[in-house]
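Work through the following exercises with the sequence and the structure side by side, and try each task before reading its solution.

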Amino acid sequence: MKMTNADRRQIMGLAWELFREGGRSFAQALKGAWRITKGIATAARDFMARAVRNGGRVQFGSPISSPIDRQLGGRRYASVLSRRAAYTTARLGG
C-alpha cells in the first residue's frame with residue numbers, strides 16, 4: 001500500500017476524531033486509525049481479487065432479505081401475479 005501525504009493526513013484526522021471521542025490515549029487512537037485503514041485496504045484488495053477470479057463480474061448480495069423474497073421462497077423468476085400477491089401480503093402483514 002503506497003502512502004501519500006493525503007492518506008497520512010486522513011489517518012491523522014481519523015486518529016484525532018477517535019481521540020476526541022474520549023476513553024483512549026492519542027497513541028491508542030492512532031493505532032486504531034491505522035488498524036481501520038489497513039482493514040479497509042485489505043477488504044478492497046480481497047474484493048478486487050474475487051472480481052478478477054470471477055472474470056470481472058462482481059455480485060452484490062442484499063444484506064436484507066425482503067419480505068417478498070421470503071414469501072416467494074427465493075425463486076428468482078417468479079410470475080408477476082405471485083410477486084404482486086407477495087407484495088400485498090407483505091404490506092398488509094399477512
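**Exercise 1.** Which residues form the largest nonpolar core?

*Solution.* Keep in mind that the model is a predicted one. The largest nonpolar core has six residues, namely Met3, Ile11, Ala15, Leu18, Ala29 and Ala33. Next, assign these residues to elements: helix H1 (5-21) and helix H2 (26-53) each give two or more residues to this core, and the largest share, three residues, comes from H1. Finally, look at one member of the core, Ala33, which touches Ile11, Leu14, Ala15 and Leu18 when residues up to four places away in sequence are not counted.

**Exercise 2.** Determine how H1 and H2 are oriented to each other, and describe the residues at their contact.

*Solution.* Begin with the geometry: H1 and H2 pack at an angle of about 130°, and their axes lie 8 Å apart. Angles from 115 to 145 degrees fall outside the parallel, antiparallel and perpendicular ranges, and H1 and H2 are therefore oblique to each other. H1 passes H2 in a right-handed crossing. Then turn to the contact, where residues of H1 including Ile11, Trp16 and Phe19 meet residues of H2, among them Phe26, Gly32 and Thr37. Sorted by type, the residues of this contact are 13 nonpolar, two polar and no charged.

**Exercise 3.** How many helices and strands does the protein have?

*Solution.* The protein has four helices and zero strands, and from the N terminus on its elements run α-α-α-α. To complete the description, note that buried residues make up 14% of the 94 residues in the protein.

Conventions: Residues are numbered from 1 along each chain as its sequence is written. This is a predicted model: local features need pLDDT of at least 70, side-chain atom pairs count only at pLDDT 80 or more; totals for chains, interfaces and linings use all residues. Side-chain values use heavy atoms; hydrogens and water are left out. A nonpolar core is a set of buried Ala, Val, Leu, Ile, Met, Phe, Trp, Tyr and Cys residues joined through side-chain atoms within 4.5 Å. Buried means under 20% relative accessible area, exposed over 50%, partly exposed in between (1.4 Å probe, protein chains only). Contact means heavy atoms within 4.5 Å. Axes are lines fitted to C-alpha atoms, for helices over the stretch in contact, and angles run from 0 to 180 degrees between N-to-C directions. Angles under 35 degrees count as roughly parallel, over 145 as roughly antiparallel, 65 to 115 as roughly perpendicular and the rest as oblique. A crossing is left-handed if the near helix is turned anticlockwise from the far one by less than a right angle, and right-handed if clockwise. Ala, Val, Leu, Ile, Met, Phe, Trp, Tyr, Cys and Pro count as nonpolar, Asp, Glu, Lys and Arg as charged, and the others, Gly among them, as polar.
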